[in-house]
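Work through these exercises on charged side chains and cysteines. Keep the sequence and the structure open as you go.

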Amino acid sequence: MPFRRVFFAAFIFVAQIQVCSEVCRADDSARLAAIERTLPTTIAIFPADVNAPAGGGSGVVISSDGYALTNFHVVQPCGVGMRCGMADGKLYDAVLVGIDPVGDIALIKLLGRNDFQFAVFGDSDSVQVGDAALVLGNPQLLSLDFKPSVSWGIVSGTHRYQFPAGTFLEYTDCLQTDAAVNPGNSGGPLFDGNGSLIGIVGRCSFEKRGRVNVGIGYAVSVNQIRNFLGDLRSGRIVDHASLGAIVATDKNGRVVIDDVLTTGDAFRQGVRWDEELTRFAGREIDSTNEMKNLLGIFPPSWRVPLSIRNEQGRRDLLVRLASLHGEAELTEMTEEMLVPPIPPETPKGKDGKRGEKGDEKRGEQDAEKKKKVPEIPVPDFAKPLYEKRRGFANYYFNVVERDRVLSAWRKFEPFAADKKNAWVLEGTIATAKDLPYRFEVDNSGVKYRLPIGDGTWDAEAIVRQRDSGNGMGGSPIPYYQQPRGSGGLFTALWLARKLATSDEPNFGEVIYTGQAPINGSRLYNNVGEPYTIKNLTYLYDVITVYWEGNLARFYFHPVLDKRLANGTGDTNAGNNVGNKTPDGRLAMIELWTDALEHPVEVYFSGSEFDVQCGQVFYGSFVHPQEYVGVDKDDVSRYVDLPPKPPVADLPLLAHGVLPFEKVVKVYGAGGMGGFHGYQSGCVVSPDGHILTIISAALEADPIRVVLSDGRRVDAKIVDVDPILEIALLKIETSALPFFDFVAASDDNVRIGERVLALSNTFNIAQGAELVTLQQGVIAAKTMLSARRGAFETPYHGVVYVVDLTTNNPGEGGGVLIGRDSGKLLGLLGKELRNRDNNTWLNFAIPVGEIAKTLPKMLTRNTSEKRPLFLAPESLQREKELIHTDTEWLFQQWGVLTVTNVATRTPPFIDSVRTNSEAEKLGIKPDDLIVMIDGHLTPSRAVLEQIVYQLINEKARNTTLTVERNNELIDFKLEIPAGGK
């Protein structure tokens, strides 16, 4: 059957799919209910200028007053203003609020209503592989009526990492789905089976397939977005975090501190070179990739728990994260033109290798990256809501958020209304003797009475002397750190008064910088428990003040939006669902008088405030009048994220029996001629036999296999079947869980049966991560027929054609199993493309076909050395002409092979000369030459190279192995002496 008929047959068989009607009805009911809930929240985004050459995508509304999430790369070509269509057919103006160019997220605000339907936030950390996934959006920008398209699938992977595309667009700890994602879906929502928002779709793995769905899409997790949501509302250009240290994997596999900045908080907290990093943000760290993946979900300035181990034991620390970029660098890079969010092809060097130094194209690409985005005019509807300022996407919204937070605080601040008289704080310092204190804070400074003495701290003294030209005779930092040992308590209290009583904050730069956790030891770790990621679920609004070289951060309890009483879509309160005291009161001040030292931390709670500087606790100040804050023992405000949604209807996942541990990653040669150096494999014996496909990746020594637990071991080729194009590898190990292909049966496999595929598609999983899971059905069971360059396979036997994408790079060698039963059904085949119509085939070789040959392969003597491949360095390029001696030998045998019609033309025999040696031996047209003297011949170029070497080595005979009707036939041929 010609190749194109395989696809025709597949479509015929799809119509015959039979599935239990009751299951279908139950699935459809849940699916339709989820779609009904999510359709009104999804938007189609277009540039405000209908004549704009680029821009557009999808988004999702997350609050009743119109805030919506999308991708940075969607809004970047649109500028400040855009238009958004909703499922009701109406078009709304929208304005840009904030952008996260590193995480590829943007926040916009739809105008004209305050009663939008909005998406309910889920918990992406509770999502499991196999859970139902729902993608809504505007693929290919076809939603001219603004009604989103819907695709349904499963979560194929969690905690994935995607390298940066272009200048930014780094996807860390993201979700992977097999639901259809195409260009135009960017920025749209990824929902779970209940319709809860779990991610924002942004990237796909396209590679050489073109910009169409290939069954692999990625979404920024909603929990990462939660961390940045307050920062996005601030109107800023948001950065991501850096640890202030470099981690690496040592020879023993430990993740260790390779370098640490002496100016960073990690160093101040005691992190040192060569210490082992064991935990970060509540998660075990077993690789540098895991650390990079997890670090990317946090904004700068957050305090995150980590665990360090050295010879003295383990230490649990809280470390303030630094910024990944400088402010100027971030702004400049954001203004540069970004490439589309597709992993870029690594350019070829002069020698054909990718990524080599001296590449001629790099200068051109760098110049292209330097191109600036042309200035896009601000639409009239956006002008009242836009203010330009360096470092901000839209400074207008920073003023809105700053005033919101300060206004809420002033309602509860007892001294805020009195702008003339001093704040009087007096009481006792909680010590063994309860010593008295008194602070009078006014516009000029602080008058104090402490056990160490009385005095006046004049805030404006330094400014006055500087303006008059009379310095203070040294650094002003010690003065700002008064009283001595506190780290700057007087400065912190004075700035708090200025912030509370100034109608327009003009005593320094005052900006809203988003939301962050406190994680202070006196608020969170007062019962001796270790720090956990749960501490990060309560976020505070942060106002940052820059005054005379001092940096102060004020943390306020957020005010919950009453219109969003359920909290699920509240963008004001971040994660603070269920907060019983959302009154806007001050919780903490964090003040740096010296960037190289610890800040002073002032924690407000009821009728006292505690002062701490680094590891030094300065004192607890008690006063009769409740000043600010809430009871620190009120743990009712520390709540969990929304409950985990039920797992999708996937029995194998529910029982924890998906065989991920039996699938491995295989690495070898690659990077030349479009060939990939990675693929999948499956364990087929407890003592380390690995079954995979024959490919150019196996032309390596050694071949590296990565087991499901992350172990990396060397493998050698044991045997191959050139017809099935499968190879058997062997690693030195024992007691591995394995697939029993020999005992498996493909009886009773029906058309329409639901199946799962497990493989390392696109090399997404490189260590201990789970391989990719995809779902679909068997579309057809048919014969695979191919010859003379249509595509590259000698196999003419039975295959399962499936309606899920299994022809992506890296998927060959994975397995196909029953979705409900877990029964092993087949081995995923190689990438197979029809050269006539440029279509790709998704197929698997049934277990019954493999069981015919695998027992012989397993019993092969592994000590016997068998050359299976020609050395890659000896292979000439296919475009080069056949050597005259090689041509002469084919003429002597009476064999003519097919003409080159493809990049790797299979060596089919086109014709055999009458009365030639080949005809006498029984060689026939359409025979496919699969081996010569045990060397595989995957293409005509390889065949010619082997023959040429035989002539040069003056061999007298050779064995030609051909495939005919799924059988291997050997022919002994003589090599005449001499040559043309």
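The exercises below concern a predicted model.

**Exercise 1. Salt bridges in the chain**

Find how many salt bridges the model holds, then place the one between R283 and D173.

Solution.
- Start with the principle: side chains of opposite charge can pair when their charged atoms come close.
- Apply the cut-off: a Lys or Arg side-chain nitrogen must lie within 4 Å of an Asp or Glu carboxyl oxygen.
- The count is 34 salt bridges.
- For R283 and D173, the N to O distance is 3.0 Å, and the two side chains form a salt bridge.
- Now locate the partners. R283 sits in strand β18 (residues 283-284), and D173 in strand β10 (residues 171-177). They are 110 residues apart, so the pair links distant parts of the chain.
- Check the surroundings: R283 and D173 are both buried.

**Exercise 2. Buried or partly exposed?**

Classify the two partners of the salt bridge between D403 and R402 as buried, partly exposed or exposed.

Solution.
- The closest N and O atoms of D403 and R402 are 3.3 Å apart.
- Buried means under 20% relative accessible area, and exposed means over 50%.
- R402 has 7%, so R402 is buried.
- D403 has 35%, so D403 is partly exposed.

**Exercise 3. A second link, and a network**

Where do D927 and R964 lie?

Solution.
- The side chains of D927 and R964 meet in a salt bridge, N to O 2.7 Å.
- D927 is in the loop between α18 (917-921) and β49 (928-932). R964 is in strand β51 (residues 957-964).
- The partners are 37 residues apart, and this pair too links distant parts of the chain.
- D927 and R964 are both buried.
- Elsewhere, shared partners join salt bridges into one network of D265, R268, R303, R320, R553, E590 and E601.

**Exercise 4. Charge on the surface**

Which residues gather with D259 in a patch of negative charge?

Solution.
- The patch on the surface includes D258, D274 and E311 along with D259.
- D259 belongs to strand β16 (residues 255-260).
- Its relative accessibility is 40%, so D259 counts as partly exposed.

**Exercise 5. Cysteines**

Explain why C78 has no disulfide with C84.

Solution.
- A disulfide is a covalent bond between the sulfur atoms of two cysteines.
- The cut-off for the sulfur pair is 2.5 Å.
- The cysteine sulfur closest to that of C78 is in C84, 8.6 Å away, which is too far for a bond.
- The count for the model is 0 disulfides.
- C78 is buried, at 4% relative accessible area. C682 is buried as well, at 0%.

How values were computed:
Residues numbered from 1 in each chain as written. Predicted model: local features only at pLDDT ≥ 70, side-chain atom pairs only at ≥ 80, totals over all residues. Heavy atoms only, no water. Helix = DSSP H or I, 4+ residues; strand = E, 2+ residues; numbered from the N terminus. Buried < 20%, exposed > 50% of the residue type's maximum accessible area, 1.4 Å probe, protein only. Patch = residues over 30% accessible without salt bridge, like charges linked within 9 Å, V, L, I, M, F, W, Y side chains within 5 Å. Areas by Shrake-Rupley, 256 points an atom, 1.4 Å probe, with all protein chains shown as cover. Lys, Arg positive; Asp, Glu negative; His and termini not counted. Charge placed at Lys NZ, Arg CZ, Asp CG, Glu CD.
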